[in-house]
Amino acid sequence: MITQPATRGADSELVNASWTDPEAFAVLFDRYSAMLYRYVSKRLGPEPAEDLVGETFLVAFSRRKSYDLAYPDARPWLFGILTKLISRHHRKEAARYRALLRAPVDHDVESPADRLAAGVTAQAARPRLAGALAALPAKDRDVLLLIAWGDLTYEEVAQALGIPIGTVRSRLNRGRRKVRAALGDTNPMLEEE
């Protein structure tokens with residue numbers, strides 16, 4: 001049985017507790033599975049997301065004794081595992097972006113009037129954005145999407161991917177430049193007619 005302090009404690013405490021009480025690891029699943037699902041769903045679509053999130057937690061559980069307890073937050077560790085699993089599906093991810101590139105733009109946006117113009121503009125840019133993401137090298141795309149969709153900090157991305165923070169910065173800069181260039185050096189969310 002998990003005690004209340006363990007459910008509110010740092011992730012490292014939960015990982016440590018799971019060595020003797022495997023049920024403690026379930027709290028990490030409850031904390032982060034939805035976040036990981038949203039991230040992988042954006043990258044690969046909803047179909048493989050549930051399986052990859054489940055596989056992420058299986059891998060994490062099997063490797064929990066090698067977790068560095070000096071890191072109180074397990075998110076970068078979990079995102080690192082997930083990113084490695086996604087890399088196995090990189091062909092599917094690139095195919096998804098190519099499909100979005102070919103998909104017709106849906107101009108029927110049902111939202112409040114104040115968001116309509118921004119939504120239509122963003123929808124129109126979707127094929128170009130998908131093409132730009134598909135064209136990025138996987139390492140640059142991983143960094144860009146972990147920051148943009150995973151909401152990780154530079155330090156957390158470095159930890160997740162096992163790379164120096166300077167490499168995170170250079171990959172992010174390169175990825176942003178390429179995406180910006182593919183969008184005509186504009187931000188479609190800020191454009192006005």
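The legends below describe an overall view and three close-up views of a predicted protein model.

**Figure 1. Overall view of the helical protein.** The model contains ten helices and zero strands. Read from the N terminus, the order of elements is therefore written α-α-α-α-α-α-α-α-α-α. Of its 193 residues, 39% count as buried. The exposed surface amounts to about 10,900 Å², and 54% of this area is supplied by carbon and sulfur atoms. Among contacts between residues at least 6 apart in sequence, 62% join residues at least 24 apart.

**Figure 2. Close-up of helix α4.** This helix covers residues 46-62, which number 17. From its first C-alpha to its last, α4 reaches 25 Å, close to the 24 Å expected at 1.5 Å a residue.

**Figure 3. Close-up of the buried residues of α4.** The buried residues of this helix are P48, A49, L52, V53, T56, F57, V59 and A60. These residues pack against two other helices, α3 (25-44) and α5 (75-88).

**Figure 4. Close-up of the second largest pocket.** The volume of this pocket is about 260 Å³. Its lining consists of 14 residues, and W77, I81, K84, Q159 and A160 lie nearest the centre of the pocket. The elements that give two or more residues to the lining are α5 and α9 (154-161). Helix α5 gives the most, with five residues. By character, the lining residues divide into seven nonpolar, four polar and three charged. Helix α5 thus appears in two of these views: the buried residues of α4 pack against α5, and α5 also contributes to the lining of the second largest pocket.

How values were computed: Residues numbered from 1 in each chain as written. Predicted model: local features only at pLDDT ≥ 70, side-chain atom pairs only at ≥ 80, totals over all residues. Heavy atoms only, no water. Helix = DSSP H or I, 4+ residues; strand = E, 2+ residues; numbered from the N terminus. Expected span 1.5 Å × (residues − 1). Buried < 20%, exposed > 50% of the residue type's maximum accessible area, 1.4 Å probe, protein only. Contact = heavy atoms within 4.5 Å. Areas by Shrake-Rupley, 256 points an atom, 1.4 Å probe, with all protein chains shown as cover. 1 Å grid on protein atoms, 1.4 Å probe; cavity = no way out; pocket = protein on both sides within 12 Å on 5 of 7 lines; lining within 4 Å. Points joined across faces, edges and corners; volume = space filled by probe spheres on them. Nonpolar A, V, L, I, M, F, W, Y, C, P; charged D, E, K, R; others polar.
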